[in-house]
Amino acid sequence: MALSDLLYPDNPKRRQELIHLHQELLNCMSTNFRATNELAGVLNEHLGCTITHIRMRESSTVKENCDIIIQAMSEIQHQVQKIDSDMKEKLEPVLYQKLYDIKEPELEKIAIAHKVFSIVLGEATSTAGMVAIKLLGSNLITLTVSKLVSLLAQIGASVLGGISITILGLGIEMILHAILGAMERNQLLAAVRSYEKHLAEFKAASEKYQRAIREVTSLVRQQVQ
């Protein structure tokens, strides 16, 4: 009896569905790696940060790659928190509150932030204040990154987190063998259903994360032009 028949006697198409789920996950993760590096580049260039760029490791597991991007996102969270601390330390309380007041004009907030970065960095780019205000005033860090980090941790901790990302270059039967090595046969269907749910949530959170980063980077490009 074929391995696929043993796994899915009532639904042979389930094999391809499993492969498709993995491909979707890895494609989504790859895009998040690129988006994270793009945001890190903006922070490094304009706000004086030193965030290391990351890359997917093809020889590593899904979990290990989740851990890489979680570490980078955590560093971005830390840097944005530091920006907020610098603002709070350098500004009078009234000016600091203006940064978070939705009624205050955006240009005034940017001017305030730029002055702080000129003090902290000695010399700030013309876009420093704008980037800082965009990060502090949006939900990129408080909600978007936190949600994505949580989902990455869940995926990494799942039974599928132990699978190497290189198995996508193998045939279907070889991939199923690799996956079965990470779980009991009777757990596979439940794991796939759970994986479908995690992937749907992960894709939605990733899209919000990438959109938020595009908003920041597009503003920077417009300013440069």
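A residue is called partly exposed when its relative accessible area falls between the buried range, under 20%, and the exposed range, over 50%. Keep that scale in mind as we walk through this structure, which is a predicted model.

Let's start inside. The largest nonpolar core holds 56 residues, and Met29, Leu47, Met87 and Phe202 have the most contacts within it. Two or more residues of this core come from each of helix H2 (14-47), helix H3 (62-90), helix H4 (93-99), H5, helix H6 (128-137), helix H7 (140-157) and helix H9 (185-224). The biggest share belongs to H2, which gives 12 residues. Met29 is a good place to zoom in: setting aside neighbours within four places in sequence, its contacts are Met56, Val62, Asn65, Cys66, Ile69 and Phe202.

Helix H6 deserves a look of its own. This helix is mostly covered, with 8 of its 10 residues buried. Among the buried ones are Ala128, Gly129, Met130 and Val131, along with Leu135 and Leu136. Lys134 in H6 counts as partly exposed because its relative accessibility is 23%, above the 20% limit for buried residues.

That lysine brings us to the salt bridges, of which the count is 6. Lys134 pairs with Glu215 through their side chains, at 3.3 Å from N to O. This pair ties together distant parts of the chain, since Glu215 sits in helix H9 and Lys134 in helix H6, 81 residues apart. Glu215 has a relative accessible area of 36%, so Glu215 is partly exposed.

Other bridges stay within one helix. Asp67 and Lys63 meet at 2.8 Å, N to O; they are 4 residues apart in helix H3, so about one helical turn separates them. Both partners are partly exposed, Asp67 at 35% relative accessibility and Lys63 at 37%. In helix H9, the side chains of Lys197 and Glu201 form a salt bridge at 3.0 Å, N to O, and here too the spacing is 4 residues, or about one helical turn. Glu201 is partly exposed, with a relative accessible area of 28%. Why does such spacing suit a pairing along a helix? An α-helix has 3.6 residues a turn, so residues three or four places apart point the same way.

Finally, turn to the surface. Ile119, Val120 and Leu121 make a nonpolar patch of about 240 Å². Val120 belongs to helix H5 (residues 106-121), and this valine is partly exposed at 34% relative accessible area.

Note on methods
Residues numbered from 1 in each chain as written. Predicted model: local features only at pLDDT ≥ 70, side-chain atom pairs only at ≥ 80, totals over all residues. Heavy atoms only, no water. Patch = residues over 30% accessible without salt bridge, like charges linked within 9 Å, V, L, I, M, F, W, Y side chains within 5 Å. Areas by Shrake-Rupley, 256 points an atom, 1.4 Å probe, with all protein chains shown as cover. Salt bridge = Lys/Arg side-chain N within 4 Å of Asp/Glu carboxyl O. Buried < 20%, exposed > 50% of the residue type's maximum accessible area, 1.4 Å probe, protein only. Core = buried A, V, L, I, M, F, W, Y, C linked by side-chain atoms within 4.5 Å. Contact = heavy atoms within 4.5 Å.
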